Amino acid sequence: MERIEVNKDLSLSRIIQGFWRLSHWDNKPEDTLRFMEECLELGITSFDNADIYMAEELQGNAMKLNPTLRDKIEIITKCGIKPMNALFPENKMLQYNSSKEHIVTCAENSLRRLGTDHIDLLLIHRPDFIMDPEEIGEAFNELKKSGKVFNFGVSNFTSSQFSMLQSYVDVPLVTNQVEVSPLHLDPIADGSFDFMLEKRIHPMAWSPLAGGRIFTGEDERAVRLRGSLDRIKEEIGANSIDEVIYAWLLRHPVKIMPIVGSGKIERTKAAVNALQLNFTRDHWYEIWQSSLGRNID
């Protein structure tokens, strides 16, 4: 498995397994442990979580069954969204919160739920419209100094928000987790990936399969795109169109790290298989133009 060095102290597996829907998989701890071990056999060592997924404790319970697992993986988790749920019973409305107190408290709660003494990578889940970057810097410094969090990044930040926050914090922001897929081209077209290439930042991609819309959507765009994916699948000998989609993402020079959201190991294997496909520039542009519904200018 290819690894991506996000800084001198941390590298991640090129394919990342996500636990966004772990609480919906109806897994017993031993099921989740087996799934994580199968991911490791495929070379996937990086696992993405978040406090609001209500899945950190489920991951932690699985890891308790095999304590040696912790030293073989990288734990990524996120904080900063405060919904009205059991995590935040005092909340009266959905809000974003990147105050120092909230970040530190969330990180400590994540450590407890995950059953670990450190988080490899903590991300601010969404940009807080009234974020105080000095407070975020203080939170990061405190967590880093205490050894509770080793590395930091963001999720869903614009390039200007990323650059602004980096100017205030002492630690490097090592990634930005963004939505990108053949049905969501924005980061490629709006300059976000240009910025990341300039700064040598490698993004993670959430919803790389567009939440399944590419497979089931009946709108003109989805149907047209499926046709192109099917044609390329046959040409390059891929097993499924999701392999083609992952190969399309992996072809970008910014070195996207796709996050697999499925709990079915076959879907995870499809992402890993994509690393071996011979995916050309012609294939990449065919999918791009198929998504747009027109030739490029």
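1. Contact here means heavy atoms within 4.5 Å. On that basis, and leaving out residues up to four places away in sequence, F195 touches S159, F162 and S163. The model is a predicted one, and the points below should be read with that in mind.

2. F195 is found in helix α7. Is this residue buried or exposed? The cut-off for buried is under 20% relative accessible area; F195 has 14% relative accessibility, so it counts as buried. As for its place in the fold, F195 and R281 are 86 residues apart in sequence, and their C-alpha atoms are 22 Å apart in space.

3. The structure holds 10 aromatic pairs. One of them is formed by Y96 and F129, which are tilted, with 5.9 Å centre to centre and 50° between the planes. Y96 belongs to strand β7 (residues 95-96), while F129 sits in the loop between β8 (121-124) and α4 (133-145); the pair therefore ties together parts that are 33 residues apart in sequence. Y96 is partly exposed, at a relative accessible area of 27%, whereas F129 is exposed, at 72%.

4. F162 and F195 form an aromatic pair of the edge-to-face kind, 5.7 Å centre to centre and with 75° between the planes. The pair links distant parts of the chain, with F162 in helix α5 and F195 in helix α7, 33 residues apart. Both residues, F162 and F195, are buried. Elsewhere, F19, W25, F35 and F47 form one aromatic cluster.

5. S192 lies in helix α7, which covers residues 192-199. S192 is buried, its relative accessible area being 12%. What does the side chain of S192 make a polar contact with? The partner is the side chain of D190, at 2.7 Å. Leaving aside neighbours within four places in sequence, S192 is in contact with S159 and P187. S159 is thus named among the contacts of S192 and also among those of F195.

6. Strand β10 (residues 173-179) is mostly covered, as six of its seven residues are buried. How does strand β9 (residues 152-155) pair with β10, in the parallel or the antiparallel sense? The pairing is parallel, over three bridges, and V154 stands opposite N176 in β10. Strand β10 is also joined by three bridges to strand β11 (residues 204-206), and these two run parallel. In β11, M204 is the bridge partner of Q177.

7. The connection from β9 to β10 involves helix α5 (residues 159-168): β9, α5 and β10 make a right-handed β-α-β unit. Helix α5 also holds F162, the partner of F195 in helix α7.

8. At the start of the chain, strand β1 (residues 3-7) is joined by four bridges to strand β2 (residues 10-13), and the two run antiparallel. N7 stands opposite L10 in β2. The two strands form a hairpin, with two residues between them.

9. The largest nonpolar core has 81 residues, and those with the most contacts inside it are I103, L122, F140, W248 and F279. Which helix gives the most to this core? Helix α10 (residues 241-250) does, with eight residues. Apart from this core lies another, of 12 residues, among them I4, V6, L123 and I259.

10. I103 merits a check of its own surroundings. Neighbours within four places in sequence aside, I103 is in contact with C79, S98, L122, I124, I136, A139, F140 and L143. Two of these contacts, L122 and F140, are themselves listed with I103 among the residues with the most contacts inside the largest core.

11. V149 lies in the loop between α4 and β9. Its relative accessibility is 0%, so V149 counts as buried. Not counting residues up to four places away in sequence, V149 touches A107, I119, L122, L143 and K144. L122 and L143 also appear among the contacts of I103. The C-alpha atoms of V149 and W25, which are 124 residues apart along the chain, are separated by 28 Å.

Notes
Residues numbered from 1 in each chain as written. Predicted model: local features only at pLDDT ≥ 70, side-chain atom pairs only at ≥ 80, totals over all residues. Heavy atoms only, no water. Core = buried A, V, L, I, M, F, W, Y, C linked by side-chain atoms within 4.5 Å. Buried < 20%, exposed > 50% of the residue type's maximum accessible area, 1.4 Å probe, protein only. Polar contact = N/O pair within 3.5 Å; in protein donor to acceptor, adjacent residues only side chain to side chain. Pairing = 2+ DSSP bridges. Right-handed = clockwise from strand over helix to strand, strands pointing away. Phe/Tyr/Trp six-rings, centres within 6.5 Å; stacked < 30°, edge-to-face > 60°.
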